[in-house]
Amino acid sequence: MSLRKHLLNGVVSLAISVAITVWLADDEDGPWSLTDMALAVAISSFLSGFCTSYFAD
């Protein structure tokens with residue numbers, strides 16, 4: 001599998017995770033803003049999708 005395929009899996013994981021997080025989050029009171037939370041989810045989900053794809057080979 002090429003690096004391109006692993007990157008694509010990371011991006012797909014990122015898109016799904018961020019979309020669901022932003023959709024379900026209630027932006028009321030809390031220590032973190034929605035932007036901060038979406039960024040944290042984006043980084044972790046991309047790395048999760050990429051590493052899972054890479055090490056599954």
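**Talking through a predicted model**

Biologist: Let's start with one residue: what is the relative accessible area of Tyr54?
Modeller: This is a predicted model, and in it Tyr54 counts as partly exposed. That label fits because buried means under 20% and exposed means over 50%. The value for Tyr54 is 44%.

Biologist: Okay, zooming out, which secondary structure makes up the protein?
Modeller: There isn't a single strand to be found, as the count for those is zero. What the protein does have is two helices.

Biologist: What is the radius of gyration of the protein?
Modeller: For 57 residues the globule rule gives 10 Å, and the protein is well over that, so it is more spread out than a compact globule. The box filled by its C-alpha atoms, along the principal axes, is roughly 45 × 15 × 15 Å. The radius of gyration itself is 13 Å.

Biologist: How far apart are the end C-alpha atoms of helix α2?
Modeller: Helix α2 runs over residues 34-56, which makes 23 residues. At 1.5 Å a residue it should span 33 Å, and the model agrees with that. The end C-alpha atoms are apart by 32 Å.

Biologist: Which helix helps to cover the buried residues of α2?
Modeller: Those buried residues include Ala38, Val41, Ser45 and Gly49. Ser13, a residue of helix α1, is in contact with Ser45 and Gly49, leaving aside its neighbours within four places in sequence. So what covers the buried residues of α2 includes residues 3-24, that is, helix α1.

Biologist: And how far is the backbone oxygen of Ser45 from a polar atom of the Ser13 side chain?
Modeller: A polar contact needs a pair of N or O atoms within 3.5 Å. Here the separation between the Ser45 oxygen and the Ser13 side-chain atom is 3.0 Å.

Biologist: How are the rings of Phe46 and Phe50 arranged?
Modeller: The structure holds three aromatic pairs. In the one made by Phe46 and Phe50, the centres are 6.0 Å apart and the planes sit at 20 degrees. Planes under 30 degrees apart count as stacked, so that pair is stacked.

Biologist: Is Phe50 buried or exposed?
Modeller: The cut-off for buried is under 20% relative accessible area. Phe50 comes in at 17%, so it counts as buried.

Biologist: What about Tyr54 and Phe55, what kind of aromatic pair do they form?
Modeller: Their rings are 5.0 Å apart, centre to centre, with 85 degrees between the planes. An angle over 60 degrees is the cut-off here, so the pair is edge-to-face.

Definitions and conventions:
Residues numbered from 1 in each chain as written. Predicted model: local features only at pLDDT ≥ 70, side-chain atom pairs only at ≥ 80, totals over all residues. Heavy atoms only, no water. Helix = DSSP H or I, 4+ residues; strand = E, 2+ residues; numbered from the N terminus. Rg over C-alpha atoms; globule rule 2.2 N^0.38 Å. Expected span 1.5 Å × (residues − 1). Buried < 20%, exposed > 50% of the residue type's maximum accessible area, 1.4 Å probe, protein only. Contact = heavy atoms within 4.5 Å. Polar contact = N/O pair within 3.5 Å; in protein donor to acceptor, adjacent residues only side chain to side chain. Phe/Tyr/Trp six-rings, centres within 6.5 Å; stacked < 30°, edge-to-face > 60°.
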